[in-house]
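Me: I'd like to learn how to read the interfaces in a two-chain model. Can you walk me through it?

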Amino acid sequence: MQETTEDASALRGSSLNGSSLNSQVPDGPMADKWENHKFNIKLVNPSNKRKFKVLIVGTGLAGASAAASLAELGYEVEAFTFHDTPRRAHSIAAQGGINAAKNYPNDGDSVHRLFYDTVKGGDFRSREANVHRLAQVSVDIIDQMTAQGVPFAREYGGLLANRSFGGAQVSRTFYARGQTGQQLLLGAYQQMMRQVGLGKVKLHTRMEMLDLVTKDGEACGIVCRNLVTGEVTSHSGHAVVLATGGYGNVFYLSTNAMACNVTAAWRAHRKGAFFANPCYTQIHPTCIPASDEFQSKLTLMSESLRNDGRIWVPRNPDETRAAADISERDRYYYLEEKYPSFGNLVPRDVASRNAKTVVDKGLGVGPLKNGVYLDFADAIKRDGKATIEAKYGNLFQMYERITGEDPYARPMRIYPATHYTMGGLWVDYNLMTTVPGLYACGEANFSDHGANRLGASALMQGLADGYFVLPYTIGDSLAPKLGTEPVPTSDPVFQSSEQGVRDRISRLMSIGGTKSPDYFHRELGKLVWNYIGMERTEAGLEKAITEIQALNEEFWRDLRVLGDTDTINSSIENAGRVADFFELAELMARDALDRAESCGGHFRVESQTEDGEALRDDEDFSHVSAWEWQGEDTIQVKHAEELAFEEVPLSQRSYK
Amino acid sequence: MSNTLNLTLQIWRQEATDAPGSFQSYTVRDVPDDASFLEMLDTLNETLIDGGSVPIEFPHDCREGICGTCGVMVNGRAHGQEKGTAVCQLHMRKFNDGDTIIIEPWRATAFPVLRDLVVDRSALDDIVAAGGFVSVPTGNAPDANEIPIPKDVAESAMDAASCIGCGACVAACPNSAAQLFTAAKLWHLNSLPQGQPERYRRSEAMVDTMEQFFGSCTNHGECYEACPKEISLDFIAYMNRDYVKSKLVNRKLASQR
Ligand SMILES: Cc1cc2nc3c(=O)[nH]c(=O)nc-3n(C[C@H](O)[C@H](O)[C@H](O)COP(=O)(O)OP(=O)(O)OC[C@H]3O[C@@H](n4cnc5c(N)ncnc54)[C@H](O)[C@@H]3O)c2cc1C
Ligand code: SF4
Ligand code: FES
């Protein structure tokens, strides 16, 4: 149901006068939609493909797989990344694994079950047809990656190994030690580099997209800055694909790599691409807590640790004893007590919020009292140190390196941290944004995970989009353009966009204030974490908007960027990214304010069950909120895409 | 509770590839020993900015030892003194109060300095583009379990595939050779059944490309000492074997066309 009343919109501080959105989901039974769609959409004939140029921004899993596949099909591809090589994309850091409905372990998995689990896990805020397609193509991903030489873990018989991940009831997760993202990215990267070697993909490294260029409402190219020379250049194509990752770094401290940012998606948003569900962010429960103000990022400890570790805090806030000396009676195993059937394996959002609750009560552990214990003492007693070491040796070593503490001898300290963003550019079933000719893939789009992503499903989605969806669907918008040349970069639309980029850089350079981009990023991150983090309240969100605006105003008044623009200058790179984070953060707050329900990772304190669990409001909020840019000083307009649940009946999640 | 350190840093500053560079001296005070090496540099940069000086450019991204972006010489050792550790995972508790630390970029002809501690390692990508792949276009793959792979073979491929492409092996090598990097990629693919059809084509192409950019290996083993992923020197022996064989096999294959 779409919000229409003036009062409701005034109350929630947003303008809800947008139209509803058409997702282009094909007709027919769920299981046949994708096959039918592939038959019905327009195709580009093989000999004509080379007449089309596609620009792909981002060369992580989604971008590299798309670039390789499109080039193999014959399209002319140019790929852009701000990294020094595509192999550094943040996908490299994924640890745990990738899901697929292969049912190799014969434990009852199927396309339908993966589809069902993903819709339910997303707390009924995703588009059924997309999720079903994702589950369908998941099996092809494993075949493709294995053929490329990805060294997935194997059993002694030589067949692929699987494990259960994040509390899933079947073992459908494929993995390569604790480095699954690395191995998958290297696979996609190699496949793309082959096309680079063949001259079919033109690769631009250390190039940051700073604007999307549109002509007559359609995407026709991008403007980039060369991060080594500072040169600002235009690039034109028949279609533009953004595979630029997520925006978790709006929190400053997150498990994302330092360079992850929202700029590409945000610049496209300002050119007409709707931004969907920005308030859906995922806070991962098992990360190493911050140690001081200088901390630059947080490190994820794989979720698999919860299979053997027990989570607890001392019952007494004034506890001073070392963990091992605290008797059972004085320990609060809060997840095991509250959720007897799932215990330590409750979903991410539930585990995270409960950690926050106990730490807020003053029960936290560690020098800053900002963590909870993840204790392996019982597991070591039960299985022996050698077994635990074989399973988690790498992770224990990483923990020790960072904290200087030996997790075999004393419990790990963990705390939730921002990890993934479900929100992103709105796309239809073809992965096209609201700007014709502009596509979004991977974490950069909003699709498939609803309000909460299941573990091991992001790698799956990125590769599904890049390998098996976009290569088909992009033809639909290209085919009618046969015989047209890309808009020349001498066109005024490119010239004015380039000028805009240069002007913005000059403006940032010339403020001449006193504080670094990092300072503002850190301060912004605190606001976002405190008000738009694990728990959100109406009052807090309203405060967030005011405070973000005030800090943003200070940013444009007191920023200091030193150095030159015609050389590597990470301060100027960061300044532009932080400026975009400010605008995004405000929209996150508005979206969170508008969504007066709790769902998945979005917990509104006003909307909870008697037991303090998230309470959805399907009557009013069973929709995607997609926001349209209105200019710098105007509040964005919300458009709704109604969600219907035909295959997976609506139900309230329960983990008791 | 953490202790703090006061340190003197000698850091290489260079404005551009063709500009002359030199060491500059900086002092940093009260660095918590819980901080990582890169966080220590962050703090220095904040101080520089406060004082109106242009901050130092250094390469970094994931700060988890997996992306391969970071890499500097710390007191003459690539990634610093801790074995099997990328510099982003090196922590200040490994240093002592009052230490002087010398920080330089990777030094190799194939890795020109772009600015300060940042170098251009794109020659490593060229080696991969020459043959570091299995040619399997999207959609052509058989079922993943069609070809069983002995667990030990998969594990050995994974050992090789763990390389993060940081280039420390090149920086540590007296000849600036890229053998360890190239061998790791070659063994990853050459050891797997999927890599067999292109095995000798790949070996020849990658090694020949490597030799265009990098020096020759004279078996010093410094690469292994510096490698944050402890990639085994054995892979270099396997590479040499496959390379020699490739010259023969490739000629033979060509004559059969
Ligand atoms: C620590 C960690 C562990 C994870 N573990 C798992 C896991 O076990 N399983 C799972 O399924 N998922 C996991 N995830 C999530 C998953 O890794 C990501 O969601 C996914 O890899 C994103 O892939 P992507 O291709 O969309 O984006 P990315 O890999 O982030 O790539 C983004 C690309 O865009 C480029 N780019 C961005 N902006 C610009 C610009 N303006 N101009 C030019 N280039 C630009 C970058 O250079 C990069 O090439 C994990 C995430 C984290 C943080
Ligand atoms: S072999 Fe080791 S040192 Fe060389 S690039 Fe790979 S990880 Fe770095
Ligand atoms: S910053 Fe990624 S490996 Fe060090």
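Reply: What follows goes from the chain interface to the domains, and then to two single residues. Keep in mind that this is a predicted model.

Me: Let's start with the two chains. How many residues does each of chain B and chain A bring to the contact?

Reply: A residue count on each side is a handy way in. Here chain B puts in 75 residues and chain A puts in 78. The area buried between chain B and chain A comes to about 6,200 Å², with carbon and sulfur atoms giving 51% of that.

Me: And the polar side of it? How many salt bridges are counted between chain B and chain A?

Reply: There are 6 salt bridges between chain B and chain A. One to look at is Glu155(B) with Arg177(A), where the closest N and O atoms are 2.9 Å apart. For polar contacts, the count between chain B and chain A is 49 residue pairs, both partners at pLDDT 80 or more.

Me: Which elements of chain B give two or more residues to the side that touches chain A?

Reply: Mapping an interface onto helices and strands gives you something to find on screen. In chain B, the elements giving two or more residues are helices H1 (37-50), H2 (122-131), H3 (151-161) and H5 (179-190), along with strands E6 (113-115) and E7 (118-119). H3(B) has the largest share of that side, with 7 residues. Sorted by class, the side of chain B that touches chain A holds 33 nonpolar, 21 polar and 21 charged residues.

Me: Now inside one chain. Into which domains is chain A divided?

Reply: A domain need not be one continuous stretch, so read the bounds with care. In chain A, domain 1 is written as 54-93 + 128-137 + 179-280 + 422-620, while domain 2 is 284-418. Taken over C-alpha atoms, the centres of these two domains of chain A are separated by 32 Å. Their contact takes 23 residues from domain 1 of chain A and 22 residues from domain 2 of chain A.

Me: Which three residues supply more than any others of the area that domain 1 of chain A buries against domain 2 of chain A?

Reply: First the total: about 1,900 Å² is buried between domain 1 and domain 2 of chain A, and carbon and sulfur atoms give 55% of it. On the domain 1 side of chain A, Leu253(A), Thr255(A) and Met534(A) supply 33% of the area buried against domain 2, more than any other three residues.

Me: What about charges and polar pairs there?

Reply: The count between domain 1 and domain 2 of chain A is 1 salt bridge. Glu613(A) and Arg353(A) meet through their side chains in a salt bridge, at 3.7 Å from N to O. Between domain 1 and domain 2 of chain A there are also 4 residue pairs in polar contact, both at pLDDT 80 or more. By class, the domain 1 side of chain A that touches domain 2 has 8 nonpolar, 10 polar and 5 charged residues.

Me: How far apart do the C-alpha centres of domain 1 and domain 2 of chain B lie?

Reply: They lie 30 Å apart. Chain B is assigned domain 1 (4-115) and domain 2 (121-255). In the contact, 19 residues of domain 1 of chain B meet 21 residues of domain 2 of chain B. The buried area between these domains of chain B is about 1,500 Å², 58% of it from carbon and sulfur atoms. The count between them is 1 salt bridge, and the side chains of Glu230(B) and Lys83(B) meet in a salt bridge at 3.7 Å, N to O. Polar contact is counted for 4 residue pairs between domain 1 and domain 2 of chain B, both at pLDDT 80 or more. The domain 1 side of chain B that touches domain 2 has 11 nonpolar, 6 polar and 2 charged residues.

Me: Down to single residues, then. Is Lys185(B) buried or exposed?

Reply: Compare its relative accessibility with the cut-off: buried means under 20%. Lys185(B) counts as buried because its relative accessibility is 8%. Lys185(B) sits in helix H5 of chain B. Beyond its neighbours within four places in sequence, Lys185(B) is in contact with Leu186(A), Gln190(A), Gly132(B) and Met206(B). The side chain of Lys185(B) also makes a polar contact with the side chain of His188(B), at 3.3 Å.

Me: Why does Thr146(A) count as buried?

Reply: Same reading: Thr146(A) has 2% relative accessibility, so Thr146(A) counts as buried. Thr146(A) belongs to helix H5 (residues 128-147) of chain A. Setting aside neighbours within four places in sequence, Thr146(A) is in contact with Phe152(A), Arg154(A), Leu160(A), Ala144(B) and Gln194(B).

Notes. Residues are numbered from 1 along each chain as its sequence is written. Chains are lettered from A and ligands numbered from 1 in the order in which they are written. This is a predicted model: local features need pLDDT of at least 70, side-chain atom pairs count only at pLDDT 80 or more; totals for chains, interfaces and linings use all residues. Side-chain values use heavy atoms; hydrogens and water are left out. Contact means heavy atoms within 4.5 Å. Buried area is the accessible area (1.4 Å probe) that two parts lose on being put together, summed over both. A salt bridge is a side-chain nitrogen of Lys or Arg within 4 Å of a carboxyl oxygen of Asp or Glu. A polar contact is a pair of N or O atoms within 3.5 Å; within protein, one must be able to donate a hydrogen and the other to accept it, and residues adjacent in sequence count only if both atoms are side-chain atoms. Helices (H or I, at least four residues) and strands (E, at least two) are DSSP runs, numbered from the N terminus. Ala, Val, Leu, Ile, Met, Phe, Trp, Tyr, Cys and Pro count as nonpolar, Asp, Glu, Lys and Arg as charged, and the others, Gly among them, as polar. Buried means under 20% relative accessible area, exposed over 50%, partly exposed in between (1.4 Å probe, protein chains only). Domain bounds come from an automatic or database domain assignment.
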